[in-house]
Every structure is written in structure tokens, then in C-alpha cells.
Amino acid sequence: MPTRLFLLFLLLPAFARADLQWSATTVFTAAAPSEGPATAQFTFTNTGAYPIKITGTRTSCGCTAAVAQSGPVAPGQTGKIDVSFKTLNRHGLYEEPIGIETNDPKAREATLTLRVLVQEAIEVLPTLLFWQPGEPLTPKVIRITVTDGFDVKSIDATCPNPGLQLQLDTIKPGADYKLTVTPKSQRVKATISVTPDIDGKPSRVISAHVRVS
């Protein structure tokens, strides 16, 4: 074999390699438990010279599932990985790592991150009302705001402590409410339960705390 041809043969694997480029390695999404699982999509482009295939995915818990498209992705083409996150009985911000295995010699493994904000149906502010010693027992107000996208039929506010008087007023139906709290004695420690009604079913209870010293 001529020397030049032999050297070219040795160099071919270096030039004819895959090169997987992710559009983003972290994706953020917001969802509500009433909407079912949160979904997101990671995409990548094969900028190399031969097909790339996702050979496996790993998630950190059963709440997250990652599914790669079947078959190889040709040079210049885009591939995707669909991810879903179970929102049932969850609230707040979650960060889920996703392990990816490929046949790309340059990047056999990659780690993607799904960030999910599971939204509450309502926002209750403030969540703590406090009357200092000697402060007049004048009423204070808690504002209850419905998060966009939630169909809240009504709001219920209750407290088993007889030392509080509650008055719930509707500012805008399905959107904005005002809860007026008035202590009846100088020493009260209580919890108010605020429950939104979504499609005829009570949703997760949000607590507001009251202390009169």
C-alpha cells in the first residue's frame, strides 16, 4: 500500500466522526398538578460526518421518564428526547438530572437537567400575621390570588381556633379574594386553612399562620 494511501486510511476515523451538539442542556418548564405530567423536550444536532444514535437514558427517580427517538440521526439532522415529570402530590421547584448514552465517540455520555416548577392553584400573602404585645387587635388582611391557568370556582378559609374571626370577601370571582383576620383575645396561636375549589373538587390546602403575643 502506498505511504500516502496508508496515512489517509489511518486518518479517516478522526475526520469521519460524530459530533452531537445540544440546543440546551437545561430546560425549564412550569406546570400545574391538575394538568397532568409536566413535559419538556431536549433537542440535539448531529454536526459530524456519520449517524448518531441515543443508546440509552437514565433518570434519578420514577417521577421522571425520558424517551429518545428511535433510530440514528443522520449528519446535519436534529434529534430529540421527550421528558415527562409526574406532578401529582408535588409542589414547588424540582431539578431532575437525566443521563444520556450515545454512540458518539466524543461524547459517550451526557447529563441533561429538567427544572420543573409545580405551581400552586393560589398564592396566599402573607402567610404569617403577627400582633406584637400591646398592639391594638385591629384587623389584618391576607390576599388570595388565583394563579393564571387555574379554574378556581371558590375559596374556603377555616380555622378551628375560636380566638380568630375570619371574613372572606370576593374581589374578583375566580381571581382575587380578601381574607380579613381579627383576633378576639391577646394571646392567640392558630393556623388558617385556605382551600381552593377546582372543578368542584378541593385542591391542596395552603396554610397561613397567626400569632398574637
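Trainee: How far apart do the C-alpha centres of domain 1 and domain 2 lie?

Mentor: They lie 41 Å apart. Domain 1 covers 17–118 and domain 2 covers 122–212, with bounds that come from an automatic or database domain assignment. Keep in mind that this is a predicted model, where local features need pLDDT of at least 70, side-chain atom pairs count only at pLDDT 80 or more, and totals for chains, interfaces and linings use all residues. Residues are numbered from 1 along each chain as its sequence is written, and side-chain values use heavy atoms, with hydrogens and water left out.

Trainee: What makes C61 and C63 a disulfide?

Mentor: The term needs a pair of cysteine sulfur atoms within 2.5 Å. Here the S to S distance is 2.2 Å, so C61 and C63 meet that cut-off. The structure holds one disulfide.

Trainee: And why is C63 called buried?

Mentor: Buried means under 20% relative accessible area, exposed means over 50%, and partly exposed is in between, using a 1.4 Å probe and protein chains only. C63 has 7% relative accessibility, so the residue counts as buried.

Trainee: Why does C61 get another label, partly exposed?

Mentor: C61 comes out at 29% relative accessibility, which is in between the two cut-offs, so partly exposed is the label.

Trainee: How do you know that β3 and β6 pair?

Mentor: Strands are DSSP runs of E, at least two residues, numbered from the N terminus. Two of them pair if DSSP finds at least two bridges between them. Strand β3 (residues 38–46) and strand β6 (residues 78–85) have eight bridges and run antiparallel, so they pass. As a spot to look at, Q41 stands opposite D82 in β6.

Trainee: What makes β1 and β5 edge strands?

Mentor: The open sheet has four strands in the order β1-β3-β6-β5, with antiparallel pairing. β1 (20–22) and β5 (64–68) each pair on one side only, and that puts them at the edges.

Trainee: Which strands does β11 pair with over in the 122–212 domain?

Mentor: Among them is β9 (residues 122–125), antiparallel to β11 (residues 140–146) over four bridges. Another is β14 (residues 176–183), also antiparallel, over six bridges. Both counts meet the minimum of two, so both are pairs. L125 has R143 as its bridge partner in β11, while V141 stands opposite T180 in β14.

Trainee: What is the peptide bond from L125 to P126 like?

Mentor: That bond is cis, with omega near -10°. P126 is found in the loop between β9 and β10 (128–131).
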